[in-house]
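Student: I should like a close look at a single part of this structure, namely one helix and the way it packs against other helices. Please describe it in one connected account.

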Number of protein chains: 2
Amino acid sequence: MQETRLDTARIRAARRVIDPVFLDSPLYRCEALEAALGCGVSIKLETANPVRSFKGRGTEVVTSLLADGGPRAVVCASAGNLGQALAWSGRGRGLDVTVVASRFAPAAKLDRIRALDARLELVDGDFDMARERAAAIARRDGVRLVEDSLDVETCEGAATIGLELVDASFDAVLIALGGGAMATGVGHVVKALVPGVEVICVQPLGAPAMTRSWRRRRVVTTASTDTVADGVAGRRPIPAVLDDLLLVADDAVLVREASIIAGVRLLFEHAGLVVEPSAALGVAAILEDRERFAGRHVVTIVCGGNVDLDAHRGWVTG
Amino acid sequence: MQETRLDTARIRAARRVIDPVFLDSPLYRCEALEAALGCGVSIKLETANPVRSFKGRGTEVVTSLLADGGPRAVVCASAGNLGQALAWSGRGRGLDVTVVASRFAPAAKLDRIRALDARLELVDGDFDMARERAAAIARRDGVRLVEDSLDVETCEGAATIGLELVDASFDAVLIALGGGAMATGVGHVVKALVPGVEVICVQPLGAPAMTRSWRRRRVVTTASTDTVADGVAGRRPIPAVLDDLLLVADDAVLVREASIIAGVRLLFEHAGLVVEPSAALGVAAILEDRERFAGRHVVTIVCGGNVDLDAHRGWVTG
């Protein structure tokens, strides 16, 4: 394949700087889900760690580089999970962490960012407005801006998930698509090491910017987003990330809100997992196209479990 | 220490016959729980595998020995989790598996035993009645009886959890106590390798037979049990298991039903975990004696997640 910005040797090396608590997460077949979905389903579970999402893999790489003599202060914009992870990794390395988030992010995410001793600044807008504000803070204060998906370390950290998949036997991997760090990271490793496995990115119809961009092979922005999947609700794809995604994704599909919520419910009822909506995108994709997956074995990455429990209760009892 | 029936070298060797899907389960600090409980809390998570409990570790050892030329049929009594695990391990090795369970066991457990192609026989009584029935079937049909906690393989399989703890730094481990396989297994490894760590067994006040036996240093049976923690509700401790427990447990405590349910709720609200009541015994023990644990770092083994969701909903919203 053409070369992405990512490097497989660096991804292997990243395993050495990531706290082992984030590595070698569970990967297991879930037969109860298989019965419900009509295909082989393995879960790659990224919620059983101190920040309950895969984002710690990337922030460990970012902060380990900073701890080696870079700036001692960092700022990031976050939909909620990157901020928690950066706060966790930064605290362990004595860094001063500022997180900018939307005030409409789930309270569960904002509370945990605060609990991890990060400075939290809320903007009265969405994730892309938080990105602008974080960049302004970085310029003003001369601190390091961590940009999810643009900083290759965030992609290569997420890519370590891919290294943990390639020894298994499966036909396709379903990856939640937001900014693209996980999709380009896991996609890079899968295409480099097991190119026959289909890399399928899944995004909400209500936040389709990156998927539309992938389909048109150029950046397409949207004016707004409207989805329960707060973790992947971006409007402005990053050109360099799109370029990588074009090289590694076999498909990018959009799913309806009702399917995402049904996915949250199925993962609760049949797998006993409490997940945030972004983590149910893979199941939603199967629900919307059972024929495509029938008889095949798919891995779905359950990428985060930071969810407001009142909302979750509504979705699973709905 | 005096010698238990268990052998540390055999436990290390057991790792080689156990499907890796059961090994190296997540072990992580949960700060949200720490804030609620007033002590350091690490979770050892045994629910993210194909049978959602730790029992697969033991049944993998049992069935790997049978697959090496032993009988091709096995029967066990089960509160629900051993049966699922034996069905899973037996199916993979072409064994004929019969599980005897109480008809009052959670439907979630019974359904999954059936789904794993095991023959399920229900008795109109409790777990100890199922034990008698399983023994009768074994005699009648001349098949291998797998006896949880008595068969040392079930203890040594569970003991592999201990091997995965001893490199961490902690002060005490909280272990659900039922028949005693997990308590003697993990206890053996901890006392052999990190003897300064306190081994605390936790049982419901409503099913106290083994704890009372441990305290009196002789087998004490009870006429009945009355607890939501179905996974640990035995009335008749096995003498050989008690002997081992006397060698490895530093303490055995009894907890109230309200504390167990509060533990289920805390694990849901603060750790995002759906657990069965037996898996909340450790948290219940902290809730009942905060002073004992204040400022210390405890590991609690979250040993199973097979729970009827209607009951769970009642507990977490109660």
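Tutor: In this predicted model, α11(A) and α12(A) are roughly perpendicular to each other, because angles of 65 to 115 degrees count as such and their axes cross at roughly 110 degrees. Helix α11 of chain A covers residues 257–271, helix α12 of chain A covers residues 281–288, and their axes come within 8 Å. The crossing in which α11(A) passes α12(A) is right-handed. On the α11(A) side the contact involves A:S259, A:I260, A:A262, A:G263, A:L266 and A:L267, which meet A:L281, A:V283, A:A284, A:L287 and A:E288 of α12(A). Sorted by class, this contact of α11(A) with α12(A) comprises eight nonpolar, two polar and one charged residues.

A further partner of α11(A) is helix α14 of chain A, residues 309–317; the two axes come within 8 Å and cross at roughly 90 degrees. This angle makes α11(A) roughly perpendicular to α14(A). Here α11(A) contributes A:I261, A:V264, A:R265, A:F268 and A:E269, while α14(A) contributes A:H312, A:W315 and A:V316. The contact of α11(A) with α14(A) has five nonpolar, one polar and two charged residues.

For the wider setting, chain A and chain B bury about 1900 Å² between them, with 57% of that area on carbon and sulfur atoms. Two salt bridges are found across the interface of chain A and chain B. A:R91 forms a salt bridge with B:E31, with the closest N and O atoms 2.4 Å apart.

Methods: Residues are numbered from 1 along each chain as its sequence is written. Chains are lettered from A and ligands numbered from 1 in the order in which they are written. This is a predicted model: local features need pLDDT of at least 70, side-chain atom pairs count only at pLDDT 80 or more; totals for chains, interfaces and linings use all residues. Side-chain values use heavy atoms; hydrogens and water are left out. Axes are lines fitted to C-alpha atoms, for helices over the stretch in contact, and angles run from 0 to 180 degrees between N-to-C directions. Helices (H or I, at least four residues) and strands (E, at least two) are DSSP runs, numbered from the N terminus. A crossing is left-handed if the near helix is turned anticlockwise from the far one by less than a right angle, and right-handed if clockwise. Contact means heavy atoms within 4.5 Å. Ala, Val, Leu, Ile, Met, Phe, Trp, Tyr, Cys and Pro count as nonpolar, Asp, Glu, Lys and Arg as charged, and the others, Gly among them, as polar. Buried area is the accessible area (1.4 Å probe) that two parts lose on being put together, summed over both. A salt bridge is a side-chain nitrogen of Lys or Arg within 4 Å of a carboxyl oxygen of Asp or Glu. Angles under 35 degrees count as roughly parallel, over 145 as roughly antiparallel, 65 to 115 as roughly perpendicular and the rest as oblique.
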